[in-house]
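Student: Got a minute to go over this model with me? I'd like to start with the aromatic residues.

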Amino acid sequence: MEKQPRLLCSQLSVENRVCDVTLSSSFLSWREVVDSSKRRIAANVYGLLKAAGSHCVPVCEIIAVQETEEDCPSTDVGKWQKVPQNPAGSNQHAFTVSYVERTLKHRWRCSEVTLHCPDRKLCLQWVQAIREQLTLLTIRPKRLLVYINPHGGKQRGKRIYEQKVAPIFSRASITADVIVTERANHARDHLKTEADLKKYDGVVCVGGDGMFSEIMHGLISRTQCDSGVDQNRADETLIPCGLRVGIIPAGSTDCICYATVGCNDPVTSALHIVVGDSQPLDVCSVHQNNAFLRYSVSLLGYGFYGDVLMDSERKRWMGPARYDISGVKTFLSHRYYEGTISFLPADGSVGTPRDKIQCRSGCNICQLPSADKAVYKVEDSISDTENKDVWQVIRGKFLAINVACMSCACPRSPKGLSPSAHLADGTADLILVRKCSRLDFLRHLLRHINKNDQFDHPFVEVYRVRQFRFTPRYQETDSELDLREAEGSSSKRFFTQICREHQACNCAPTHSSWNCDGEILPHGAIQVRVHCQLIKLFARGIEEQSVFEDPSYALCAI
C-alpha cells in the first residue's frame with residue numbers, strides 16, 4: 001500500500017503513555033514510544049503489535065472529535081488522592097476521538113481514545129485538522145427522516161432508538177426528524193405523498209422486515225411517480241431511488257439487515273449510517289395481468305412458505321413463536337401444488353446458485369460494469385415471439401417455489417435459502433422443490449441450518465434468473481390442461497376433471513398464496529422481474545471475518 005503523506009504528527013500522551021500520533025488523509029494512528037531493547041524482548045513474548053501499543057483508525061470510520069475538559073483537582077480534605085505521575089499533567093489539554101471498533105460476529109462498537117496535548121494551541125490544531133478531514137467525507141448524512149414502528153417484534157423499537165441509536169446520531173452531529181407510526185402503511189403513505197424528501201440525506205426505519213418493506217414501497221413509488229414511470233407496466237424500466245435507506249433492526253427476524261450487514265445489532269447498523277456506507281440492492285417487481293402488486297427484496301415463496309405465513313397470520317397473538325408452530329403444522333400437512341413455471345435465465349457472467357461464491361463487501365460480481373448488467377434490458381425489450389428460444393418452461397407438482405434476491409440469511413439459518421445469491425447483480429435464484437416424501441423434505445429443510453448443500457437433492461432444482469412467471473394449474477387455460485391430460489390415461493383425465501370442477505372433494509389442494517417479504521399475496525399467477533440496484537442501503541455488505549480478526553488491519557497505514 002502506498003504510504004499516505006502526513007498532515008500532522010506529534011508526540012501526545014495516551015493513558016499516561018507517550019505515543020507518536022500521526023494523521024494522514026486516510027488514517028489516524030498512534031504508536032507507543034518504546035525503547036528498541038524493550039521492544040525486542042516484549043515482541044518475543046507478546047508480539048510486536050501489543051508490545052508497541054500500535055493502533056490505526058481509518059479517517060472514514062472516525063465518528064467525531066471534540067476537545068475534552070480536564071477534570072479539576074479534587075478539593076476534598078481528608079481523603080486519599082491519586083498523585084499524577086506527571087506533576088504538570090493536570091494542566092494538559094486533551095481531545096477525544098470517537099471511532100468504529102470491530103468486535104466478534106460482524107458487530108461494530110463506538111470506541112473512544114483521549115489524547116493529551118502539552119498546550120491548548122496544539123490541541124485545537126489537532127481537533128481542527130481531524131474535523132477538516134471529516135468535512136471532506138461528503139457521503140455522510142447530515143439530516144435523516146426516521147420512522148419508528150412501536151409495535152414490531154417485541155415492541156422495543158422506540159426504546160432501541162432512544163437508548164442506542166439517538167446518542168450515536170447526536171455524537172455525529174446528525175439531525176433526525178422522528179415519526180412514530182400509528183397504523184399499518186403509515187410510513188409508506190407519508191413517503192409517497194407528504195414527505196419533503198429534498199430536505200434529507202436518507203431515510204431510516206426502526207423495525208423489522210415489514211417496516212423496511214413499507215419504506216421501500218413508499219420510496220420507490222414516490223421516485224417513479226416523480227419521474228412519470230408507470231409501475232403497472234411489467235416491462236417498464238424503473239428509476240433508481242436517490243435516497244439511501246438505513247435499517248435499525250427491531251423486528252422478529254430482520255432478515256434484510258442480517259443479509260446486508262452480517263448481524264442484527266442496532267448499534268452496528270447506526271454506525272454504518274453515520275459513516276455513510278452505501279450498498280446497492282436489487283428489487284423484484286411483482287405483477288399480474290399488467291397490474292402492479294408488490295416489490296420484493298428477499299423472499300418470494302409459494303407453497304410451503306406461503307402456507308406458513310397464511311397460518312401464522314391467524315396466530316399473531318402468539319408473537320414470534322407463531323412461525324415455529326405454523327411451520328410444524330404446514331410441514332405435517334405436506335401439501336403440494338401443480339403449476340407451470342417459465343423463466344429467463346441469467347447469463348454465465350453472474351455465476352450460478354451452486355458456485356459457492358458468497359456475496360461479500362466489495363463483491364466483484366455485484367461490481368461488474370453496468371454494460372454487462374444492462375444486456376438483459378435489451379433482451380427484455382424483444383417481443384416474446386423472438387425470445388421463445390430463451391425462456392425455459394417447467395411443469396410439475398411442487399412442495400415449494402422460492403425466489404431469493406439475497407441469501408435470506410438470519411440467525412436461525414446463517415446460510416439462508418440461497419447462500420450464493422448476490423445483493424446487486426440483477427438476478428434472483430429460483431428454487432424449485434418438487435413433490436417428495438416428508439422425510440426427504442425434512443432433510444432439505446434441515447440443510448438450511450447446517451453446512452451441507454441444500455440443493456444436493458434429486459427433487460430440488462435451482463436456477464439463476466432475471467425474470468420468471470408462474471401459473472397455477474387451476475388458472476391454466478383449457479388448451480394447456482388438454483395438453484397435460486393428453487399425457488395420462490382416460491380414467492385419470494376423467495377423475496382430474498371431477499376434482500377440478502368439485503373442489504370440495506379435497507383429494508388434492510388447489511392453490512397456495514405467495515409469501516412476499518413476509519406479506520401475503522393471495523394471487524396465484526404472477527410475473528416477476530428483477531430490477532438491478534434499484535435502491536441503496538446504509539450498509540457495505542458482509543465484511544470478511546479476516547477484517548475483524550487480522551491484527552495487520554490495525555497497522556495498515558503505519
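Student: Which residues form one aromatic cluster?
Tutor: Tyr302, Tyr337, Phe468, Phe470 and Trp514. Rings of Phe, Tyr and Trp (its six-membered ring) pair if their centres lie within 6.5 Å; planes under 30 degrees apart count as stacked, over 60 as edge-to-face and the rest as tilted.

Student: How many aromatic pairs does the structure hold?
Tutor: There are 13. One of them is the stacked pair of Phe331 and Phe441, with 6.3 Å centre to centre and 15° between the planes. Phe331 belongs to helix H10 and Phe441 to helix H12, so this pair ties together parts 110 residues apart in sequence. Helices (H or I, at least four residues) and strands (E, at least two) are DSSP runs, numbered from the N terminus.

Student: Is Phe441 buried or exposed?
Tutor: Buried, with a relative accessible area of 3%. Buried means under 20% relative accessible area, exposed over 50%, partly exposed in between (1.4 Å probe, protein chains only).

Student: Which residues are buried in H12?
Tutor: Phe441, His444 and Leu445. Down the axis of H12, the buried residues fall within an arc of 95° (directions from the helix axis to the C-beta atoms), so they line one face.

Student: Different topic: what is the mean pLDDT of the chain?
Tutor: It is 84, and 79% of the residues reach 70 or more; pLDDT is the predictor's confidence in each residue, from 0 to 100. This is a predicted model, where local features need pLDDT of at least 70 and side-chain atom pairs 80 or more, while totals for chains, interfaces and linings use all residues. Residues are numbered from 1 along each chain as its sequence is written, and side-chain values use heavy atoms, leaving out hydrogens and water.
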